[in-house]
Each structure stands twice: as C-alpha cells, then as structure tokens.
Amino acid sequence: MDITIFGLGYVGCVGLGCLAEQGHNLTGVDIDKAKVDLINNEKATIVEKDIDELIKRNSKDKRITATTNSFEAVVNSEVAIICVGTPNDENGHLDMTYIYRVAKEIGEALKEKNEFYTVAIRSTVMPGTNKKVAEIIQKFSNKINGKDFAVVSNPEFMREGSAVADFFNPPYTILSSESEKGLGKMKMVYQSLNSEVIIAPIESAELIKFVNNSFHGLKVAFANEVGRICKSLGVNSINLMDLFTKDKILNISPYYFKPGFAYGGSCLPKDLKALNSIAHDKYINLPVLSSIEESNQAHIDYVLNLLISKNKKKIGFYGISFKAGTDDLRFSPALETVERLLGKGYDVKIYDKNVNLSRLMGKNKEYIYNKLPHINNLLMEDLEEFINSAEILVVVNKDNDIEELLSADLSNVQIIDLVRIIEENIIVTNYEGICW
Ligand SMILES: NC(=O)c1ccc[n+]([C@@H]2O[C@H](COP(=O)([O-])OP(=O)(O)OC[C@H]3O[C@@H](n4cnc5c(N)ncnc54)[C@H](O)[C@@H]3O)[C@@H](O)[C@H]2O)c1
C-alpha cells in the first residue's frame with residue numbers, strides 16, 4: 001500500500017521504517033528539510049535501537065522516500081498517517097496547530113484527487129480532534145467525509161528506547177472511525193502486526209493515551225513511595241514489589257478498575273491509614289498514598305451533591321453494607337452518605353437483605369449503633385413498600401436479588417446507579433449512572 005507519514009520525529013520515523021519493513025511503500029513528509037534529507041540519505045532522524053538498519057534496508061529497496069511537498073505525497077498515496085507533534089500549550093492542553101495545518105494540506109491535495117483517501121491520526125490529540133480534522137479536510141477539499149475520505153483515530157503506544165520492538169508488538173491496535181471503509185484500509189495497513197485490533201468509540205480512542213500515560217505515571221510514583229517507606233524500615237523494596245506484582249488476581253488485573261462508588265470496609269481504609277502513619281512517623285512525604293483517602297472522600301461528596309441536586313427529599317438506599325454479599329457496615333461509604341443526608345433533613349430509607357440488626361455482632365454492631373443509633377427506623381423489609389416510599393432510589397449493591405429490584409415497577413422513582421446494574425448505557429429519563 002502507498003502510505004504517507006506526516007512528521008518524521010520519533011513516531012513518524014519508526015512508523016516509516018517498520019511499515020516499509022512490512023512491505024508497504026512509504027513517503028515521509030516533514031517541514032524540517034534536515035529530517036527529509038536524512039531520510040533521503042538512508043538515515044534515521046532519531047536515535048533508537050534497530051531503526052538505522054530498517055531505514056537503510058528499505059530505502060535501498062526503494063520502499064522509503066521523503067519530501068517537504070505534502071501535496072505530491074498525498075496525491076500519490078491512499079493513506080496518510082499523521083504523526084506530527086502535539087506539545088502542551090501554556091494552559092497544559094495539547095496544541096493542535098500542527099495537526100490542523102496538516103489537515104488543511106491534506107484537504108488541499110484531496111481537491112485534486114478522485115480516489116477514496118484515508119487519514120489516520122496517530123499523534124496524541126485532544127478529544128474532538130477526529131471530527132475537527134474531518135471538518136477541515138472537507139472545507140479545503142470540497143469532498144465529503146465518509147464518502148470521499150475517512151478519518152481514523154489510531155493512537156500510538158510505543159515507548160522510546162524500545163520503539164521498534166513496541167511497534168511490531170503493541171499491546172493492541174486501536175482504530176476508530178465513522179467510516180467502515182477507512183477502518184478496513186487501516187486494518188490492511190497493520191495486517192502483518194502481531195496484535196489484536198480493537199474497533200473503539202472515537203471518544204475512547206482520543207482519551208486512552210491520556211489515561212494510559214497518567215496510570216503509568218501513577219505506577220512509577222506509587223512504586224517510588226513504597227520504595228521510600230521500605231528504605232526507612234530496612235525492607236528490600238525490590239523484593240516487596242516483586243511479591244506485589246506476583247498477585248495477578250487482585251493487584252495486576254482488571255479488578256478494582258471499574259468506575260463505581262467509593263471504597264470502604266474494615267480493611268482497606270484501616271491499612272491505608274496505617275501505611276500513611278508509618279510514613280508520617282518516619283517524616284516521609286507521600287503525596288500519592290496520602291491523597292487516596294482524600295480522593296475517596298471527594299467521590300462520596302460527589303454522590304451527595306448529585307443527590308442534593310435532584311431536589312427530592314425521600315431517598316431510598318438499595319444496599320447499605322460496604323459491598324455486596326456481606327453485612328459488614330464498617331466504613332461503608334453508603335452509610336456515611338445516609339448519615340450526611342439525615343443531618344441535612346432528608347427522609348432516608350434503607351433496604352438490604354444482608355443486614356439483619358438482630359444478627360449483627362461485635363465491632364460491626366458497635367460501629368453501626370455509634371454511627372446511626374436509629375438505623376432500626378430506617379430499615380425496610382418489604383421491597384415494594386421500600387420502592388414506593390422513595391422519590392430517588394440509590395442502588396449501592398448488585399446483590400443476588402438485584403433481579404427482583406429490576407423486575408419491579410420503577411417508573412415512579414429516579415434511579416441513581418452506583419454499581420452499573422445495567423450493562424449497556426441506557427438513556428432513560430429516570431436513570432443516571434454515577435460515572436457513566
Ligand atoms: N515520542 C513518543 O514516544 C510517542 C509515543 C506515542 C505517541 N506520541 C505522540 O505522537 C506525536 C508525535 O510525537 P513525536 O515524539 O514523534 O514528535 P516529534 O517532535 O519528535 O516529531 C514531530 C515532527 O512533526 C513535524 N511537523 C510539524 N508540523 C508538520 C507539518 N505541517 N507537516 C509535516 N511535519 C510536521 C516536526 O518537524 C517534527 O519532525 C505526539 O502527539 C506525541 O504525543 C509520541
């Protein structure tokens with residue numbers, strides 16, 4: 001396939017060498033003539049393992065060339081991959097100037113081209129860029145998005161230092177577009193890659209790099225904070241983190257990664273507090289670990305404010321323990337929300353099949369009677385009566401009897417879902433998800 005790559009920096013140069021290695025014909029475009037000259041002299045524009053060899057070999061085989069003339073490059077190709085820079089502007093947003101300039105150049109060239117053209121956005125871009133790029137191309141080409149050309153979001157996941165190896169073995173290949181034809185073209189571009197192709201919503205493809213890289217930053221900061229505590233205690237941090245990463249069920253896994261309500265319970269808050277106290281005693285500053293509880297509280301505040309914003313006084317909590325399948329009420333975020341609503345004069349009722357006051361024992365019993373001495377008056381046992389008593393129904397637990405709730409008549413209550421009772425996004429007037 002004849003492919004043009006815009007931008008001959010780290011991402012573009014690696015794409016140029018690797019896609020040529022897979023048999024495509026590549027033309028690199030850059031406004032920097034020095035980079036264009038390097039490629040045309042069979043040299044890479046960057047320092048990266050194996051890239052010199054790939055550029056040299058494929059240039060000799062006439063599969064790589066470079067130019068500053070974007071018009072000719074577009075006219076003579078069927079796919080353009082945009083890899084130009086998107087630096088931060090003074091507000092921290094990404095500066096899309098180079099992307100929009102390339103979109104304009106592609107539009108001007110497409111005005112003179114009759115074949116269908118596919119434009120992939122490989123750079124990391126602000127949400128909404130796919131749509132904006134399509135509008136710019138449409139404006140300068142007088143062609144129609146989806147009919148004459150397609151714009152495909154296609155984020156890049158390589159790491160500098162191992163970029164060539166990462167290009168050939170990415171975690172996945174994400175493609176997003178309104179155009180099936182454009183998606184088909186990009187699948188052909190990457191057909192020799194050893195990776196799963198995922199067709200994602202455009203908004204997700206535009207946001208995923210930010211989320212990925214923020215998490216990578218969080219991982220590094222977390223490991224370094226654990227390292228500082230370990231050193232102060234004379235514990236081998238490398239050994240400890242090896243143990244940590246060996247747990248592929250709860251630690252390195254999708255578990256705990258679903259947006260929903262705040263954490264609670266008798267263990268997690270207690271042990272997090274204990275670790276922070278150890279660090280405090282040792283005068284170690286832990287901005288990440290010490291802010292987790294603050295973030296959790298902010299999430300409870302968010303739910304409280306959401307409920308208050310509905311201007312309804314009768315609120316029913318379906319589930320009150322800290323998670324499904326237990327009667328443990330200790331540090332339950334739902335219980336804290338109820339307590340704060342009661343303090344503001346709301347009429348709150350609770351339905352939780354697992355919570356039977358006469359069976360509560362020990363610390364759990366002590367906790368609930370200290371926190372909510374009148375919980376007896378709030379608990380209801382009849383589901384239908386409970387539903388009818390509420391104007392807002394907050395679903396806290398997805399317990400075994402959730403089907404019973406879902407099959408009841410819920411048409412007269414506003415549902416606030418904290419646990420994703422319904423898998424698909426549903427847009428109905430009386431339903432609202434906490435993070436979806
Ligand atoms: N570097 C990485 O490891 C990496 C990884 C994944 C994603 N990304 C993203 O990919 C994008 C590119 O990153 P990079 O590190 O390769 O940037 P870079 O700064 O190394 O290269 C960008 C190139 O684009 C060229 N350019 C600017 N305007 C142009 C135009 N109108 N026409 C043609 N070329 C033009 C510049 O001259 C430069 O050579 C960024 O959005 C970045 O966030 C980078």
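Helices are DSSP runs of at least four residues, numbered from the N terminus. The exercises below concern a predicted model.

**Exercise 1.** Determine how Glu 53 and Arg 57 are placed in helix α3, and how their side chains meet.

*Solution.*
1. Helix α3 covers residues 51-60, and Glu 53 and Arg 57 both lie in it.
2. Because Glu 53 and Arg 57 are four residues apart in this helix, about one helical turn separates them.
3. A salt bridge requires a side-chain nitrogen of Lys or Arg within 4 Å of a carboxyl oxygen of Asp or Glu. The N to O distance here is 3.6 Å, and the two side chains form a salt bridge.
4. Glu 53 is partly exposed at 45% relative accessibility, and Arg 57 is partly exposed at 34%.

**Exercise 2.** Classify Lys 33 and Asp 37 as buried, partly exposed or exposed, and describe their contact.

*Solution.*
1. The class "exposed" requires over 50% relative accessible area, and "buried" requires under 20%.
2. Lys 33 has 51% and is therefore exposed, whereas Asp 37 has 31% and is partly exposed.
3. Their side chains meet in a salt bridge of 3.0 Å, N to O.
4. Lys 33 and Asp 37 are four residues apart in helix α2 (residues 33-40), about one helical turn.

**Exercise 3.** Decide whether the protein chain is more spread out or less spread out than a compact globule.

*Solution.*
1. The protein chain contains 17 helices and 13 strands.
2. For 436 residues the globule rule gives 22 Å, but the radius of gyration is 28 Å, well over that value.
3. The chain is therefore more spread out than a compact globule.
4. The C-alpha trace spans about 80 × 60 × 40 Å along its principal axes.

Terms used. Residues are numbered from 1 along each chain as its sequence is written. This is a predicted model: local features need pLDDT of at least 70, side-chain atom pairs count only at pLDDT 80 or more; totals for chains, interfaces and linings use all residues. Side-chain values use heavy atoms; hydrogens and water are left out. Helices (H or I, at least four residues) and strands (E, at least two) are DSSP runs, numbered from the N terminus. The radius of gyration is taken over C-alpha atoms; the globule rule is 2.2 Å times the number of residues to the power 0.38. Buried means under 20% relative accessible area, exposed over 50%, partly exposed in between (1.4 Å probe, protein chains only).
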